[in-house]
Amino acid sequence: GRSVALITDTEHVEGEYDQEVLSLIQGVDLFLYDTSYTEEEMIHKKGYGHSTWNHAIELARLAGARNVAFIHHSPLRTDAEMEVIDRLAMDQFPNAFSAREGQIFDIGLTLKEHIR
């Protein structure tokens, strides 16, 4: 009775929303999205086939996804940078987080319920 959508190697076009992606993530409990870059990095990374955490949040909102996890992180990203991204993202979408290796997530719970 739960749903998960894994969307990777997808590059967004600023101001546009991929209708196929939106249909795949419509109302899912957990949406995992390729967020290799920040918005600032995307200026120099067009054509690499990846996206941003900001765009993941926009898609999650539009599709009514319950939780959004950021995956496929840039290998150059530090843990400290990931923590900043998490704080900024949670200010915009409370159930947004950066997925980490070995992490287990019960899709029957919200992120806040996991933190308790």
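**Exercise 1. Which are the buried residues of H3?**

Solution. The structure is a predicted model.

Step 1. Locate the element: helix H3 covers residues 53–63.

Step 2. Apply the cut-off, under which a residue is buried when its relative accessible area is under 20%. The residues of H3 that meet it are Trp-53, Asn-54, His-55, Ala-56, Ile-57, Leu-59, Ala-60 and Ala-63.

Step 3. Draw the conclusion. Eight of the eleven residues of H3 are buried, so the helix is largely enclosed by the rest of the structure.

Step 4. Find what encloses H3. Its buried residues pack against three helices, H1 (19–25), H2 (39–45) and H4 (79–92), and against the strands S2 (30–34), S3 (67–71) and S4 (96–98).

Step 5. Look just past the end of H3. There Gly-64 has a positive phi of about 70°.

**Exercise 2. Describe the order of helices and strands, and the overall dimensions of the protein.**

Solution.

Step 1. Count the elements: the protein has four strands and five helices.

Step 2. Put them in sequence order. The pattern reads β-α-β-α-α-β-α-β-α.

Step 3. Compare the radius of gyration with the globule rule. A compact globule of 116 residues would have a value near 13 Å, and the protein agrees, with 13 Å.

Step 4. Take the span of the C-alpha trace along the principal axes, which is about 40 × 35 × 25 Å.

Step 5. Consider contacts between residues at least 6 apart in sequence. Of these, 67% join residues that are at least 24 apart.

**Exercise 3. Characterise the surface and the charges.**

Solution.

Step 1. Separate inside from outside: 46% of the 116 residues are buried.

Step 2. Take the exposed area, about 6,800 Å², of which carbon and sulfur atoms supply 52%.

Step 3. Count charged side chains. There are 20 negative and 10 positive ones, and the centres of the two sets are 7 Å apart.

**Exercise 4. Work out which elements build the largest nonpolar core.**

Solution.

Step 1. Begin with the general tendency: in soluble globular proteins, nonpolar side chains tend to be buried together.

Step 2. Identify the best-connected members. The largest core holds 21 residues, and those touching the most other members are Ile-25, Phe-31, Ile-57, Leu-59, Val-68, Phe-70 and Ala-96.

Step 3. Assign the core to elements. Two or more residues come from each of strand S1 (4–7), H1, S2, H3, S3 and H4. H3 gives the largest share, six residues.

Step 4. Examine one member, Leu-59. Beyond its neighbours within four places in sequence, Leu-59 contacts Tyr-17, Val-21, Leu-22, Ile-25, Phe-31 and Tyr-33.

Step 5. Check for another core. A second, separate one has eight residues, including Ile-71, Ala-99, Phe-105 and Ile-107.

**Exercise 5. Compare the surroundings of Ile-71 and Ser-36.**

Solution.

Step 1. Place both residues. Ile-71 is in strand S3, while Ser-36 is in the loop between S2 and H2.

Step 2. Classify each one. Ile-71 has a relative accessible area of 15%, so it is buried. Ser-36 has 3% relative accessibility and therefore also counts as buried.

Step 3. List the contacts, leaving out residues up to four places away in sequence. Ile-71 touches Leu-6, Ile-7, Leu-32, Tyr-33, Asp-34, Thr-35, Ser-36 and Ala-99. The contacts of Ser-36 include Ile-71, Glu-41, His-50 and Arg-77.

Step 4. Relate Ile-71 to a residue in another part of the chain. His-44 is 27 residues away along the chain, and the C-alpha atoms of the two are separated by 20 Å.

Notes. Residues are numbered from 1 along each chain as its sequence is written. This is a predicted model: local features need pLDDT of at least 70, side-chain atom pairs count only at pLDDT 80 or more; totals for chains, interfaces and linings use all residues. Side-chain values use heavy atoms; hydrogens and water are left out. The radius of gyration is taken over C-alpha atoms; the globule rule is 2.2 Å times the number of residues to the power 0.38. Buried means under 20% relative accessible area, exposed over 50%, partly exposed in between (1.4 Å probe, protein chains only). Contact means heavy atoms within 4.5 Å. Accessible areas come from the Shrake-Rupley method with a 1.4 Å probe; for residues, only the protein chains shown count as cover. Lys and Arg count as positive and Asp and Glu as negative; His and the chain ends are not counted. The place of a charge is taken as NZ of Lys, CZ of Arg, CG of Asp or CD of Glu. A nonpolar core is a set of buried Ala, Val, Leu, Ile, Met, Phe, Trp, Tyr and Cys residues joined through side-chain atoms within 4.5 Å.
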